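The following note concerns empty space and surface character in the model shown below. Please read the points alongside the sequence and structure.

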Amino acid sequence: MPNTDKVATADVDAESAFADKIPPSIDGTSLAAPSERLEEKALLRKLDINLIPIIMILYLFSFLDRVNIGNAKLYGLEKDLGLTGNQYQVCVSILFVTYCLFEVPSNLIIKKVKPDRYIAFIATSWGITATLTGIVQSYSGLIAVRLALGALEAGLFPGLVTYLTMFYSRNQLAVRVGYLFIASAIAGAMGGIIAYGIGFMDGIQGMGAWRWLMIIEGIPSVLVGISVVFILPTNSSTAPFLTESEKSLILRIRARETGQTASAQKFHWADVRDGFSDWQIWLFSLSSFTNDIMFYGFSTFLPSIIKSLGRWTAPQTQALTVPVYALGTGVYLVVAQLSDRQGQRGIYAAAFAFISVIGYCMLIANKGAAVSYAGTFVVATGLYVTVGLPLAWLPGNKPRYAKRALSSGMQLMFGNMAGIVMPFLYPTKDAPKYRMGYGVSIACVSVSVCFFVFLTVYYKRVNRRRAEGNEDWKIEGMTEEAIQEMGDKSPRYVYQI
C-alpha cells in the first residue's frame, strides 16, 4: 500500500507554500477590478462544473442510504425482521449515535490526510454497508449495520462543507452548501420514485421489496466512492482543471477577507481550543439540534405522515412525497442565491423557520387530509432554508481553518443528535395525528427563530461598534501581521449577518 501520510503531508506542504504568496489583507473590504470580476465569474463557473456535481451525488446517495429505512418500513421491514414495540424507532435512531461521535474527529483530521482519498474511502465503505442492509435477518443484525453506517457516513457532510471552504469565499458559500441540501431534497424525491418502482419487485428471488430497496440504493454509493479518487482534487493548489493564474486568483479572493492569512489556512490546535470556548459556535450548534428535530422528523416520517392522511397504497404514498421535496428544493435555491448576494443570513433563516412553524400548526390542527397535505408543503418551504443557511453562516464567520472545521463539525454533530431523539417523537401508536412529534417540532423551530434573531442583532451591533472604532483598543501596539492573525476577533473583521 502507498504511504498516504507522506503523500498527504506533501500535499499540505504544497498548498501552504502556494498560500504563502497571499498578500496581507487590510480591512477585508477591497474590491476587485472590473476585469478581475469577469475572471472570478469564469473561475466560479469552472469550480461549480468540476466540483459541485460529484459533491451533490455523494451527498444524495449518503442521504438516500441513511433515511431509506422510512421507505423500507412501508414495504414490510418490521414484519420480516419481527420488530416489535419501539424496536423500529431504535433502529432508526441508533445510526445517529455513531454518526455524532465521529463527526468532529473526522472533520479535524480531513486536512491531515488527503481529503479526496478520505471522502472516497468513507463513501465506498458506507455503500458496501448500506447494500448489506438488504440481507440482514434479525433485529440485532439491523442494529449492527446501522451503527456501522453511522460511523462511516459521519465524516461526509462536515467534510464536504469544510472542503468547499477551500475553494469558495464566504459570500459564495450558502449556494454551494445549499446544493447539498438540494441533493437531500432530490434524494427525498428520488427515494419516493425509486421506492415506487421497487415496490413492484416484491417477492422476486424470494426477497421482500424493502430488501431490494436497500441493495439497489446502496450499490451506486460504492461506484461513486471509487470515482471520487479520479475526480476530486486534494485542494485548489493541486486541482488539475485550474490554471496557475486561476489558482492565484483563488488566493487573491481569499486575501480580501480579514483574517485569511497563509497561517490561518493551516491547522493549529490553538484554533481548535479557541473554538471550544467560542459561545457563537455553541449557540449555532444548539440551533442545529433544534432545526434537525424538524429536518430528520420530516425527512424520515414524511411517507408515514402522508399515508396516514388517506387510504393510499405504498407506491402512491411514495409518489405524493415527490412534489413536497421539489418545492423545498426550489425555494432553497432561490433564497440561497439572494442570501449570498446580499450577505444576509439571519433574517432569511428566522423568517423561513417561522414559515415551517405555520406548516406544523396546519398538521397538528388535523383539519382534514387536504389541509394536512398542504401543511407538508408549507413545512418544506421553510425547512431547507432554516437548516441550510446556518451551515454557511457560521463557517463563513470563522476565517481560521481549524476553528472553521471545528465549527462545521460541532454544528452537524449537535444537529445529528436530533436523529437519536427524533424517531421516538413519531411512535406508530400516534398515527395519524403525531401530536407529540408536531408539537416538539413547533417548539424547537420556534427556539431556532429566537436564536437567529439574537445572532443577527448581535452581529449588527458588533459590526457597528467596530466601524465606529470602539474596539480599536484591542489592537493597540500590535503589528499588522498580528492583527491579521486574530481572525474574527479582529476589530477589522466584519461579520455576516
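1. A patch is made of residues with over 30% relative accessible area and no salt bridge, with nonpolar side chains (Val, Leu, Ile, Met, Phe, Trp, Tyr) joined within 5 Å and like charges within 9 Å. A salt bridge is a side-chain nitrogen of Lys or Arg within 4 Å of a carboxyl oxygen of Asp or Glu. Accessible areas follow the Shrake-Rupley method with a 1.4 Å probe, and for residues only the protein chains shown count as cover. Ile226, Val229, Phe230 and Ile231 make a nonpolar surface patch of about 390 Å².

2. This is a predicted model: local features need pLDDT of at least 70, side-chain atom pairs count only at pLDDT 80 or more, and totals for chains, interfaces and linings use all residues. Residues are numbered from 1 along each chain as its sequence is written, and side-chain values use heavy atoms, with hydrogens and water left out.

3. Val229 belongs to helix H10 (residues 209–231), helices being DSSP runs (H or I, at least four residues) numbered from the N terminus.

4. The second largest pocket (on a 1 Å grid over the protein atoms alone, an open set of points with protein on both sides within 12 Å along at least five of seven lines) holds about 400 Å³ of space. A volume is the space filled by probe spheres set on the points, which are joined across faces, edges and corners.

5. Of the 17 residues lining the second largest pocket (those with an atom within 4 Å of a point), Asn171, Gln337, Asp340, Arg341 and Gln342 lie nearest its centre. Helix H14 (314–342) and helix H9 (173–198) each supply at least two lining residues; the largest share, four residues, comes from H14.

Conventions: On a 1 Å grid over the protein atoms alone, a cavity is a set of points where a 1.4 Å probe fits but cannot get out, and a pocket is an open set with protein on both sides within 12 Å along at least five of seven lines; lining residues have an atom within 4 Å of a point.
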